[in-house]
Amino acid sequence: MFRLRLVPDNTNIQFMRGRHAGLIVSAFLSIASVILFFYPGLNYGIDFRGGIVIEARTPQAADFASLRHTLGQLNLGQVALQEFGSPQDVLIRLERQPGDDAAQQVAADKVRATLAQELPGTTVRRVEAVGASVSGELFFNGMLALGLALLAMLVYIWFRFEWQFGFGAIVTLLLDVTKVVGFYAITGMQFNLTAIAAILTIMGYSTNDKVVVYDRMRENLRIYKKMPLRELIDRSINETLNRTLGTSMSTLLSILPLAFFGGEALQDFGIVLIFGIFLATSSSIFIAAPILLFLGENRLRRNAPAENAAPAANPTP
């Protein structure tokens, strides 16, 4: 029976040769991401910043330059226009208006009237207004969800493996999350509740990938008691490489349609997930594994069972 193997079974790539470069590059990118979080900052969406979103369909393909000029004369502050779905579908974003919820409704009514006057036949499909108190509560709840997810994963890995594995996995997760935040800051994508969902999805995928690699390392620690830890880690990564790449490729293929055809609501979500797949896969090899190596071979082998037999060939993941 034919089986597709992305890499040969006897692959012996010495990944730990690049452990120092991997950690240095990761630390640099994470520090840069933290700086970008504060300056220039994230492009917070309506969920977290408050404001008005209007979804409209024009009779013909929208003239964005003319429409932007027309709406700009309403003195409602910055107006952002975005095409989604088709050239006739327009997403209009207004910054939060001074005053209470009534002021937001007045602004939305002005936009409705202007569209009806300047572009007869235009239909307004959706109007959303998020107040300051609601947006602040949503932001707090989103950050709380990320924190609780990190804590839950820490507890799971800590009890599933030795503390060295748990420490390496959580540090790597934190570095992954900071890089995703930096990706939002660099690209200018809106950071909203969908972004929180994307980060949580990446965290889950990254944890799953690291559990698979760590599980093989723990098995090999019991089998190869006299093998140097650096060589053992390289062997474990090579043994799970087919599984890691296969899972990454299948997940990537399922997400590509979201990134290309998902429309305004799902396109950013798909793009961030694609970035997260590459990030999680590389961090399992070049961050989580080196951290485990630096913790020391003696600590990891102290309670290993007394098994000295080693199989003749690499097991298939």
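How many nonpolar, polar and charged residues are in the lining of the second largest cavity? Before I answer, please keep in mind that this is a predicted model, in which local features need pLDDT of at least 70 and side-chain atom pairs count only at pLDDT 80 or more, while totals for chains, interfaces and linings use all residues. Residues are numbered from 1 along each chain as its sequence is written, and side-chain values use heavy atoms, with hydrogens and water left out.

A cavity here is a set of points on a 1 Å grid over the protein atoms alone where a 1.4 Å probe fits but cannot get out, and its lining residues have an atom within 4 Å of a point. There are two cavities of 30 Å³ or more, and the second largest has a volume of about 30 Å³, taken as the space filled by probe spheres set on the points. Its lining consists of D176, V177, V180, I199, I202 and M203, which by class gives five nonpolar, no polar and one charged residues. Helices α6 (163-187) and α7 (193-223) each supply at least two residues of that lining, a helix being a DSSP run of H or I with at least four residues.

Let me turn to another pair of helices. Helix α3 (residues 64-72) packs against helix α4 (residues 101-118) at an angle of about 130°, with the axes 11 Å apart. The two are therefore oblique to each other, a label for angles that are not under 35, over 145 or 65 to 115 degrees. In their contact (heavy atoms within 4.5 Å), L67, T70 and L71 of α3 meet V111, T114, L115 and E118 of α4, and these residues divide into four nonpolar, two polar and one charged.

Methods
On a 1 Å grid over the protein atoms alone, a cavity is a set of points where a 1.4 Å probe fits but cannot get out, and a pocket is an open set with protein on both sides within 12 Å along at least five of seven lines; lining residues have an atom within 4 Å of a point. Ala, Val, Leu, Ile, Met, Phe, Trp, Tyr, Cys and Pro count as nonpolar, Asp, Glu, Lys and Arg as charged, and the others, Gly among them, as polar. Axes are lines fitted to C-alpha atoms, for helices over the stretch in contact, and angles run from 0 to 180 degrees between N-to-C directions.
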